[in-house]
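Work through the two exercises below with the structure at hand. Each task is followed by a stepwise solution.

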Amino acid sequence: MAFVGAFTRRPDADAKVRGAARYVADLDVPDAWLGGTVRADVARGRLVRIDRDPGFDFTRVVVVTAADIPGRNVVALITDDQPLLAQDAIEHHGEPIALVAAPDRATLLAALAALRPVIAARTPCFDMEASAVVWKRIAIDRGDVDAVWAKAHRVVEGTFHTGSQEQMYIEPQGCVAWPPDRHGVVVVRGSLQCPYYVQKALMAALDLPAERARVVACTVGGGFGGKEDYPSVIACHAALLARAAGRPVKLLFDRHEDLAVTPKRHPCRVWHRTAVAADGTLLAMDIDVRMDGGAYTTLSPVVLSRGVLHATGPYRCANVRVRGAVVATNHVPYGAFRGFGAPQTCFAVERQMDRIATELGMHPVALRRHNALAPGDRTATGQLLDDSVAAHAVLDAVVAETGCARMPWRTQKRGRRRRGFGVSLFWHGAGFTGSGETKLKSRVAAAVLADGRVEVAAAATEIGQGTEAMLRAIAADSLGCGAADVALTEPDTGRAPDSGPTVASRTCMIVGGLVAQACRQLRDRVGGDEARPFRDRAAAFVRDGGDGRVEVEYHAPPGIVWDEANYRGDAYPVYGYGADVVEVEVDVATFAVKVLRFCTAIDVGRAIQPGLVRGQIEGGSLQALGFGHLEVVTTQAGRLRQDRMATCIIPTAVDAPPMRVLLVERPFQHGPFGAKGVGEMPADGGAPALAAAIEDAIGIAVDAVPATPERLLAAWLQTHPEEAL
Amino acid sequence: MNAAPTAVYSPRSLATALAVLADRAPVTVLAGGTDLMVELRTGRTQVASVLDLWGVEELRFVRAEAGGVRIGALTTITELRRQPSLGAWPLLAACAADFAAEQIRNRATVGGSLGTASPAADLGPVLWALDAVVRLRSRDGVRDLPIPAFLLGYRRTARRADELIESVWLPGRLPTERGAFVKVGTRDAQSIAKVVVALVASRDAGSGQVTAVRAAAGSVAERTVELASLQELVGRRPDAAALLAVSRVAASRDCAPIDDVRSSAVYRRHALQRVVCDMLTSTLEVPLEDG
Amino acid sequence: MIDLRFRVNGEWRSVRVPPLARLLDVLREHLALTGTKEGCGEGECGACTVLVDGAPVNSCLVPACQVADRDVVTIEGAGHESIQEAFADCGGVQCGICTPGMILATRACLAEWTARGEPCTEAGLRRALAGNLCRCTGYGGIIAAALRAHGGAT
């Protein structure tokens, strides 16, 4: 194997370091107009009418309202409850009401200001605990928790909160749409993760058959889940404007608009009650998860699903009850962000484990090691773990690297700057939850070109994570050819089959698996003497009339069974495992938290491109640390308070700690070359380990993140009232 | 919203710049653009016409004057950090090192920072603690205003519409003085202050008595404020308990912090008190009490 | 409108633009130099970093009237192959949107330290690059690339 497991330069690097890569805002589109959106300035209400300032000449622009939508006025996704443009009900601040296209920015801004929606305000709901509208409920039951409480050595309870978080891809969202061409085909190019999601939305909104809705992903300047569902909205808006204007329209968000209206991580509250034996064995776990879904369903049911399925952590427990609900509020809809519900529930269960350790006087490493899932164990849904189970391996790796198993936990520290450490153990299901992959039936094609190179066609997008290099390495080694002999099609619904969305840590395992399968079939079909270069044999094969095209479709590995109705069975084909150790210094004057050291061990099955895998782990880990203490996302009357990059902060190079990344490889028999997933997992463990480290340093419970200095001070003053001013 | 200004003047001399101010009012003054360009883009600020000072080389200087130093208004933050002739005022370099990021430091100017008069400005407390005097120039002459008389309120200064901030003069420092600058930001770099304090103090080597203390803070009121309560240390030989007490008084009386998107009033008071106590302890070399 | 004449990547260019047009827009829209990216429009992210007379600045905050007769370098004219090569090989590039600004900021600080005879340290690099936000890498690959580029340069 020449490319899998090797360090190779990513194919997109050269264009990117020279500024030659074309992102959506870089597209040169002659005659394009600029699009903009008129938005609601209240969180809930009824749209009475849209007044037009008579002083503005509306013949200079194009205006689109709900009445102008040729298809259905919905953002087609899971539940079609979200309108593309408000017609009557306003459910969140910033909800789109009308669209404008204009020849230049000044005219656009003037037109937007001249359209004045009249809205009768209604009473909004911002409190998820008080919300009576539930987007989705999920229950998981195993054994009988209620039979355990009375006989347990200890019963430990805790309630944990996680805040929202902004993806903060550095490239704001945007799409360019062209009006229907002479064949009636509408083309959209944009910064997006999931071309076929956008195509589905366009088909519904513009009443188009699939062949007339073509979606192409540009080079994407970061996504992290933020460009999973929302680009459907922008694409439909741009396409509606282009149709009305009869010319291409660029709908590019600036940072302010992007922050104000695009979906962010779901705020979450998790309650735990755990029964433990004297030796630390988990006897029963009772867990209640509640998430704020915001004003429309969007992806919330699936976020909740991943959240509850990860709620027990990678721990063995015979009796489990998980109840989950994601509810409606009048917040801007929350959505996908790396981890997709798991970082929230992972935070809670890891803090609960630390709480149990403290109660029992056990070392947090020892408690985790004692309960960590091992081959032969079953999860809360009854899934038997028999392949690629690495919970102990990752924990052992970070313990060996940091020596944290010998560090005393929660001893009294003194002085202004106090140090502490924290550990977390986590897991992450690779691929879609439950029967998602089976329903999706992803497809990938591989075809021999006339010159013997092979073109691999998949809709997986390169959003920075390294899709191109990874798929190319898998294809090359599956074919037995050079990486340069593999060409990848653009993620274009007109050219690549639907290999599913670029989400859920699925691109390597699922799409990569299909690429491997297609390429192996092609290799067998081409045949010949493998001592000769593949390219020569392949060129000869097609020259001689051989059918050089293979298309494959996903089928779940044998024995994988999921019962959606009862949440029983194999929730994921396999899990990846991770462990983090964080060391911090907390200044008890300012409660500033400095992360001194960060060590993580991540099991990816097999690192197809180790350099890229490290990049994913380091980047995801820093996002997780940011989630833990730095990144604050709050609302006031339904409006985002941190609505600029100056206030919606993410870590700088100075805030980022040096990172030690340990790759653990426990191959998964059904993954390509043994690979599982990596994208999301690093987002899960950083925040709880960081919170634990702060707790160890200054002795106050950190049950909520982000653990800002303001929050830490408030908790500190509870136990140090003499310091209050 | 977002209308382009009707006129932009880019003079090459101070005299022309002053003439524009006198004849074309109202004119918005532009230096390095790190504030105004954002304000214009977002539409938060509307301007009729703009006086672009960037080409007025006469405002770009640092020179010794009257036992101190005079710093031209167009001096950038990077220059504050790099100018060897400012070595006697290390607080300037300390402040500059923590000021925004390199790209901003290369553009933001002393005059611009003063003129914007943001309550969260890092430079305000430093100039206040260093007894800086702002020189305003108009066609009619100059006015010299000490910082307390110049910074009037939230983004409000004593500059008249026909005046420019020409320079800032800093008096020379005494060898007995020690200074400290502390910024508590929203993150470890490129941050906006939640609390920022500059302090200069000295004590008599023989008697150990505090001879002078001057401190000012930012982001804890609608403008930069002096921590006037610290004056009660003058003439005393404070111990650690006294510093704790006086810092608590300062944090209670000398500021009026608010809850905003960056922090809370409670936090700001607390951090201010702890930071000031620590700064006094180090600059006055007071032994720490155990605990 | 003004007739702006300035040097871009070594060549003198003339464009007719509003005096307060953002240098960013002048480069992207008038000169088709789209390697300079806009991430925030308010001087926070550093994606629009260019060099003016050798110093890194946020081109979203620089009005056109202030670069008259000045020397501007964008990623398209950055030269210094060793820095680009190091970013490509050390994990300094993921989505790439911060990369042009990051490379120019790196180039400026390495040049300045070399000129001043100051050592290039990891801590110094982290400070010097704090005005360039990256959401993908966690900065490890970027710092490694800058250190390698410096090593290669000396």
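The exercises cover one interface and one residue.

The model is predicted: local features need pLDDT of at least 70, side-chain atom pairs count only at pLDDT 80 or more, and totals for chains, interfaces and linings use all residues. Residues are numbered from 1 along each chain as its sequence is written, chains are lettered from A in the order in which they are written, and side-chain values use heavy atoms, without hydrogens and water.

**Exercise 1.** Describe the interface of chain A and chain C.

Step 1. Take the contacts (heavy atoms within 4.5 Å). Chain A contributes 48 residues and chain C 38.

Step 2. Take the buried area (accessible area, 1.4 Å probe, that two parts lose on being put together, summed over both). It is about 3400 Å², with 54% on carbon and sulfur atoms. On the chain A side, Arg9(A), Val17(A) and Ile170(A) lose the most, together 20% of what that side buries.

Step 3. Count salt bridges (side-chain nitrogen of Lys or Arg within 4 Å of a carboxyl oxygen of Asp or Glu). There are 8 between the two chains. One of them joins Arg135(C) to Glu631(A), with the closest N and O atoms 2.7 Å apart.

**Exercise 2.** Is Glu157(A) buried or exposed, and what does Glu157(A) touch?

Step 1. Apply the classes: buried is under 20% relative accessible area, exposed over 50%, partly exposed in between (1.4 Å probe, protein chains only). Glu157(A) has 45% relative accessibility, so it counts as partly exposed.

Step 2. Look beyond neighbours within four places in sequence. Glu157(A) is in contact with Trp271(A), His272(A), Arg273(A), Gln352(A) and Arg355(A).
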